Amino acid sequence: MQIRTNLLGTEEVMEISEQQIFAFEPGLGGFESLRRYALIAEEDSPLEWLQSLDDPDVSFAVLEPFLFRPDYVFELPDVDAEALGMEEPADALVRCILTLHEEAERITANLLAPLVLCRRTHLARQVILQDPDLELRAPIFTRGDADARGTLAASA
């Protein structure tokens, strides 16, 4: 399937597979009318893009939180697991929306509202957690992350 995107301000048409498409029910906060997104991997980077299929100008940089916060854990409420059609933990892909900056040290991830995507059903939702220990703007780099900073900063 071909989609239009304006990732990073460059208009292009790209080919995606049905396996990359996820339906958000309900829609993401602030983008409630945009329900279908493609998860697109950035070449040679852990960064991915969540590209709206309904609006080529809407995309979100996302990252698997366990890559920079191995101890990140949360309990998915039963109501969300059921709505997504989750049958086992392996069904879940977890991503966090990033806030990108030219300075890599200022890139943050929203750990308080992760995206949970179901591999099996291709349904997805943003889960708002009530954990005071989780950060809305968690830095993804610590001192000494020079290699990772270069990879993500080049993508930003």
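These legends go with a set of close-up views of a predicted model.

**View 1. Ser59 in strand β6, and what it touches.**
S59 sits in strand β6, which covers residues 59-63. How exposed is S59? With a relative accessible area of 26%, S59 lands in the partly exposed class, because that class runs between the 20% limit for buried and the 50% limit for exposed. Setting aside residues up to four places away in sequence, S59 touches L7, W49, L50 and Q51. For a sense of scale, pick out I140 as well: it is 81 residues from S59 along the chain, and the two C-alpha atoms are 20 Å apart.

**View 2. An edge-to-face pair, F31 with F60.**
The model holds 5 aromatic pairs. One of them joins F31 and F60 edge-to-face, with 5.2 Å from centre to centre and 85° between the planes. Where do the two partners come from? F31 belongs to the loop between β3 (21-24) and β4 (36-41), while F60 is in strand β6, so this pair ties together parts of the chain 29 residues apart in sequence. The partners also fall into separate exposure classes: F31 is partly exposed at 30% relative accessibility, whereas F60 counts as buried at 14%.

**View 3. F60 again, now with Y37.**
F60 has a ring partner in Y37 too, with centres 6.3 Å apart and planes at 50°, so this pair is tilted. Here the link runs between strands, from Y37 in β4 to F60 in β6, across 23 residues of sequence. Is Y37 buried or exposed? Y37 is buried, at a relative accessible area of 0%. Step back a little and F24 comes in as well: F24, F31, Y37 and F60 make up one aromatic cluster.

**View 4. The side chain of S52 and two backbone nitrogens.**
S52 is part of strand β5, residues 48-52. This serine is buried, with a relative accessible area of 0%. Which backbone nitrogens should you look for beside its side chain? That of D54 lies 3.1 Å from a polar atom of the S52 side chain, and that of D55 lies 3.0 Å from a polar atom of the same side chain. Beyond its neighbours within four places in sequence, S52 is in contact with L34, R36, Y37 and V58. Y37, one of those contacts, is the tyrosine that pairs with F60 in View 3.

**View 5. Strand β7 and its pairing partners.**
Strand β7 spans residues 92-99 and is mostly covered, with 6 of its 8 residues buried. Which way does β7 run against β6? The two strands pair in the antiparallel sense, over 2 bridges, and L63 stands opposite C96 in β7. Strand β9, residues 115-118, also runs antiparallel to β7, and 4 bridges join them. For a landmark along that pairing, find L93, which stands opposite L117 in β9. Then there's strand β8, residues 108-109, which pairs with β7 over 2 bridges, antiparallel once more. In that case L98 stands opposite A109 in β8.

Conventions: Residues numbered from 1 in each chain as written. Predicted model: local features only at pLDDT ≥ 70, side-chain atom pairs only at ≥ 80, totals over all residues. Heavy atoms only, no water. Buried < 20%, exposed > 50% of the residue type's maximum accessible area, 1.4 Å probe, protein only. Contact = heavy atoms within 4.5 Å. Phe/Tyr/Trp six-rings, centres within 6.5 Å; stacked < 30°, edge-to-face > 60°. Polar contact = N/O pair within 3.5 Å; in protein donor to acceptor, adjacent residues only side chain to side chain. Pairing = 2+ DSSP bridges.
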